[in-house]
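Biologist: Please take a close look at one part, the interface between the chains, and explain each term as a first-year student would need it.

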Amino acid sequence: MSPTTAAARPAEAVSPTFAASLRRRRVWIGLAALLVVAAVGLFAVQGGSRPEGVPLGADNAAPAGARALVEVLRDHGVEVVPVDSLDDALTAAEARESTVLLHDVGLVLDDERRERLAEVDADLVVVDPTVGALADLAPGVRLAGTADGPLQDAGCEFSPAVQAGELPDGLATLSLDAEAEAEADGWTTCFADADDRAAVATMLGSDGRRSVVPSTELFANESIDRDGSAALAIGMLGAHERLVWYQPGLDDADAAAAPTTSELAPDWVSPVVILLIVTTVAAAIVAGRRFGPLVVEPLPVEVPAAETSLGRARLYERSGGRTHALDQLRMGAIGRLAGLLRLGRRATVAEVVGSAAAATGRAPAEIEALLVARAPQSDTEFAELARAIDALEAEVRRATRPDDVRRSTAPRPDPNPSQEDRR
Amino acid sequence: MALTVRFVVLLALGIVPVVLAGDAAWWMLLGWVALVAALAGLDAALAGSPRALALERRLPDRVRLGEPVVSTLVLSNIGSRRVRATVRDGWPPSAGLVGDNRARVMVPPGEGRRIETTLVPWRRGDRTSEAVTVRSTGLLGLAARQATLAAPGRLRVLPPFRSRKHLPSRLARLRELDGATPVAIRGRGTEFDSLREYVDGDDVRSIDWRATARRNDPAVPGAQRLMVRTWRPERDRRIVIVADASRTAAARIADEPRLDTAFEASLLLAALAGHAGDRVDFLAWDRRARARVHGVTGPKLTVRLVDAMAGVEAELIEADWAGLPAQVRSLTASRSLVVVLTPLDSPGASRGLLAMLPQLARDHLVLVASVLDPALATASADREDVAAVYRAAAAERALLDHDRLAAAVRRLGGDVVAAAPADLPPALADRYLALKAAGRL
């Protein structure tokens, strides 16, 4: 740690500055920005305006929507007013003589609001109600499951039902309470099957007609053309010059309503999740920032030397070249035997065989078979022959050099015969 | 610009205010992220610029492979702000940097600091570091400015010359040769050295009768003592060492490339021959001279040799042996010992060498030094199972090939030294001593 007298010139930087790297990537940064702007714009134009796929939505042309019915009603001069809050619905209904359709898709209406709606001074058609809604809006009427077959007979005085004539099968049904409370209020059912389960329940009260239809199929785009569905729907909803199409929305939801997951969770959950995502991204950036450029390690060429020999061994093995492989061992052994028996480099095989036989006392024919003649028929025989040749070599070594106890590994002929001997 | 772990931790700590904020959680989130980002930006902006550093390297030029060397990097701050930085020097892995390659320094303006690191290179050749990367962290430690500064450094890693352990014993034998014994025969080119008393085993032909006649035995009056002439080996012989740097030298035997073994053998031979007063030229050859040392004598020879060898690596090309005689001619005009360090592996690969050999052997004494794979001898004795016997057959075949090639070289007038990598340098040195003793140089 000492001050030094280094050159006062700053070292030349190899990496670009932050601004320079921004400038260099400006095309990509521009493209990315353009993409983001385009995505945001597209979302603003399209995504925000369309309440996608609400069942029985007045504007929904999807199979589950009810736009077909709404358009037909409009063609007949009925003013259809889609609303999503109770206050709007009441205001619209009370301004003129109206019919109010209630379809509580999100199950958001609470008891208090349903009671306010029950007192509206207009016809009320309740589609697909919950048990709670039935208790408030049509006391004494119960849900009764799915009808067994087509409902062919209206069986009541309610004129839209009479006009409809026949309804498709598989509709949800209602039944009247056996306590007769409902009948006392004037509720009647239409399209009842053998078990008194009906597709429509209706009552003419002091404020206006109250009807309950438990199935949405009668209004939906995909099924309104089946049997008398359209006639029933138009008859019920087109009775007055205004139809308030009320599907309760967010404005009707409050703390008293059934809480959703997002309402149950505290306010900070979503921000914390976002914060964790941001933190993760920041951690990734920190971990991914390279400390300077990669350094190249120039690797020298290196070849494992034993490859050739191993490759040749596998070739022998795969092609079954036993005789050829054995010949290599035999040639090596003959060379070594010639050295052991002091026969010189030019000794013939016959001389080696003869000398070996003499040294070991074995039959020359046996040694010749071992060193020359026998061709192995199987791998086992090949290995046996190889071991037998080894044994012969060891025997000759013992016979010629009894004092030399080293085994047969590789006292090969000295690869470096000294030049001194030659002078 | 770089962010730090502290930045991430601070960002994560935002959970506390966001949870406590209640209704305003979203705003708190936005505010926190903006605050942390602004702090980081400010921190980076106020950090001392790494570009205001002057660098100076202090590094020895050369080091033997496997020996440690201290690399010093001096950072001088010529900017106006204090630089707290982490510094990384761009050495490749084979430079063998000991410890962590991240040094933390604090350099006040106008001062300098030294960073010392130890390198133990584990690969031969030039190890270079092009640049030094400096990450200057701000006061808060949230963000840093990073720059890579040019600071070229080069460390030449020399061959290890491990075989020098064999040198003292060979030098001792060289001195024994030198006029001490009459092993050298009379003949062309031998030089008279001295007279000494006859001992049992001396060649009777080297008895000098005239000297004997002049010399009376002091112990036994009137008797003579037999005197012999001794001869000192010739000096100023020429030796040309040719190391094959082609693809065959790339083979790794006993965890050492053949080329490195060749260098070890060359260095030992050159050191020995230098002491014996012979002149040594060196050539690393494949299709061209990859390294060449000519006309250097004395202690500088080894230095020049290791320097020339340092940068040579084997390449995957075939050696052009036909061009070698001309190269040898350009190094020496007189009769020399030409040592060719190349493997005698397979007849196909050695055909070029065998074709060239007679031409070289006509003018020079040629010695082919070849590395033998000890794994082959082990494999040829293995009879463990059938696969092992096949391997033994293949190994035997390789050894037979080698023997056959060695015989061919001898027939063509050359001589062969073959040994395992660890044994080749002393074997070559011994052969040189034998040739010298025999007066064949």
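Modeller: In this predicted model, about 7300 Å² of area is buried between chain B and chain A, and carbon and sulfur atoms give 62% of it. Buried area is the accessible area, probed with a sphere of 1.4 Å, that two parts lose on being put together, summed over both. On the side of chain B, the residues that lose the most area to chain A are Arg51(B), Arg383(B) and Tyr390(B), which together account for 11% of what that side buries.

Some conventions help in following the names: residues are numbered from 1 along each chain as its sequence is written, while chains are lettered from A and ligands numbered from 1 in the order in which they are written. Because the model is predicted, local features need pLDDT of at least 70 and side-chain atom pairs count only at pLDDT 80 or more, whereas totals for chains, interfaces and linings use all residues, and side-chain values use heavy atoms, with hydrogens and water left out.

If contact is taken as heavy atoms within 4.5 Å, then chain B brings 93 residues to the interface and chain A brings 79 residues. Between the two chains there are 18 residue pairs in polar contact, with both residues at pLDDT 80 or more; such a contact is a pair of N or O atoms within 3.5 Å, where within protein one atom must be able to donate a hydrogen and the other to accept it, and where residues adjacent in sequence count only if both atoms are side-chain atoms.

Helix α11 of chain B (residues 386-411) supplies the largest share of the side that touches chain A, namely 18 residues. Helices here are DSSP runs of H or I with at least four residues, and strands are runs of E with at least two, numbered from the N terminus. The touching side of chain B consists of 55 nonpolar, eleven polar and 27 charged residues, where Ala, Val, Leu, Ile, Met, Phe, Trp, Tyr, Cys and Pro count as nonpolar, Asp, Glu, Lys and Arg as charged, and the others, Gly among them, as polar.

Charged side chains also form salt bridges, in which a side-chain nitrogen of Lys or Arg lies within 4 Å of a carboxyl oxygen of Asp or Glu. The whole structure holds 43 of them over all chains, and three are found across the interface of chain B and chain A. Glu396(B) and Arg336(A) are joined by a salt bridge between their side chains, at 3.3 Å from N to O.

The backbone links the chains as well. Strand β10 of chain A (residues 303-304) runs parallel to strand β13 of chain B (residues 251-253), with two bridges between them, and two strands count as paired if DSSP finds at least two bridges. In this pairing, Val303(A) stands opposite Ala251(B) of β13(B). On the chain B side, β13(B) pairs with β14(B) in the antiparallel sense, again over two bridges, and Arg252(B) has Pro257(B) in β14(B) as its bridge partner. The result is an open sheet of three strands in the order β10(A)-β13(B)-β14(B), whose pairing is mixed. Because β10 of chain A and β14 (256-257) of chain B each have a single partner strand, they stand at the edges, and one side of each is left without a neighbour in the sheet.
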